[in-house]
Amino acid sequence: MKKKILITIAVIAVIVVLGITVFMLTGRGNSQENANQNHEEESLGATEEVREAEEVVGGTDNNDNYFVKIKGEEFKVGDKISDLSKVGLKQDPDVLTETLPGNKYMIGAGNIYDENDENVCDITPYNPTDEDITLEEAVIGGFEIGEADYTRISEEILALDVEVVGGIKLGSSYEDMVAVFGETDDMYESEALGYKVYTYESEEVYRSYEFTVDKDGKVSKIKWQNLVFDE
């Protein structure tokens with residue numbers, strides 16, 4: 001009788017051990033499957049985020065990327081320069097009555113001033129029509145702001161809180177710029193002053209982005225133009 005009891009106990013013990021082993025293996029397998037599934041979901045999520053970012057940025061050939069936010073207000077290429085009055089900025093009053101021929105732009109006539117008559121940025125006046133207009137009626141064909149050295153940028157300019165596509169601002173890093181626009185081989189370096197100018201060209205002429213990165217690695221000047229936005 002004792003032998004039978006011992007054998008029965010031994011059999012039960014083996015069954016229990018086997019059950020625990022199977023449970024442990026199954027549980028481990030399920031945990032690994034869950035971990036793999038979570039990793040795959042995270043990877044898919046990251047890929048989707050990258051895809052969405054690419055769709056938003058779209059490179060220099062996307063007309064939607066040619067805008068500037070000033071004090072939170074967005075101004076797109078093709079908007080009237082006079083619209084800058086919404087954020088307290090104005091054109092040079094000495095050039096407003098000058099004539100701008102059809103389908104032409106004018107370099108040097110786009111100085112923009114703040115309420116204290118400080119020149120804070122420059123706009124390229126553009127006439128996308130076939131008729132002559134005055135500079136007061138011109139639209140935004142390009143935008144430029146900043147200095148070769150971030151430390152030289154005035155408080156008045158920084159207070160504008162300027163932002164372009166991808167959230168790039170004055171003071172953004174080189175890495176921020178590359179994250180949005182990618183790498184470019186079109187680079188000019190001033191060895192004497194330590195700044196570098198990175199240009200991102202479109203397939204179209206007269207359409208590009210340009211960033212100056214100073215010696216400390218900060219974006220210190222932003223410039224873009226798009227004179228073919230209506231094509």
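Helices and strands are named here as DSSP runs, numbered from the N terminus. In this predicted model, Thr 184 sits in the loop that links helix H3 (174–181) to strand E10 (187–189). Although it belongs to a loop, Thr 184 counts as buried, because its relative accessibility of 18% falls under the 20% cut-off.

The surroundings of Thr 184 can be followed atom by atom. Its side chain reaches the backbone nitrogen of Asp 186 at 3.1 Å. A polar atom of the side chain of Thr 184 also lies 2.9 Å from the backbone oxygen of Thr 199. Once neighbours within four places in sequence are set aside, Thr 184 is in contact with Tyr 198, Thr 199 and Tyr 200. Thr 199 therefore appears both as a polar partner and in the list of contacts, where a contact means heavy atoms within 4.5 Å.

Tyr 200 leads on to the aromatic residues, as it is one of the members of a cluster that also holds Tyr 66, Phe 143, Phe 181, Tyr 209, Phe 211 and Trp 224. The structure holds 13 aromatic pairs. In the pair formed by Phe 181 and Tyr 209, the ring centres are 4.9 Å apart and the planes meet at 50°, so the pair is tilted. Phe 181 lies in helix H3 and Tyr 209 in strand E12 (residues 207–213), so this pair ties together parts that are 28 residues apart in sequence. Both partners are buried: Phe 181 has a relative accessibility of 14%, and Tyr 209 has a relative accessible area of 0%.

Note on methods:
Residues are numbered from 1 along each chain as its sequence is written. This is a predicted model: local features need pLDDT of at least 70, side-chain atom pairs count only at pLDDT 80 or more; totals for chains, interfaces and linings use all residues. Side-chain values use heavy atoms; hydrogens and water are left out. Helices (H or I, at least four residues) and strands (E, at least two) are DSSP runs, numbered from the N terminus. Buried means under 20% relative accessible area, exposed over 50%, partly exposed in between (1.4 Å probe, protein chains only). A polar contact is a pair of N or O atoms within 3.5 Å; within protein, one must be able to donate a hydrogen and the other to accept it, and residues adjacent in sequence count only if both atoms are side-chain atoms. Rings of Phe, Tyr and Trp (its six-membered ring) pair if their centres lie within 6.5 Å; planes under 30 degrees apart count as stacked, over 60 as edge-to-face and the rest as tilted.
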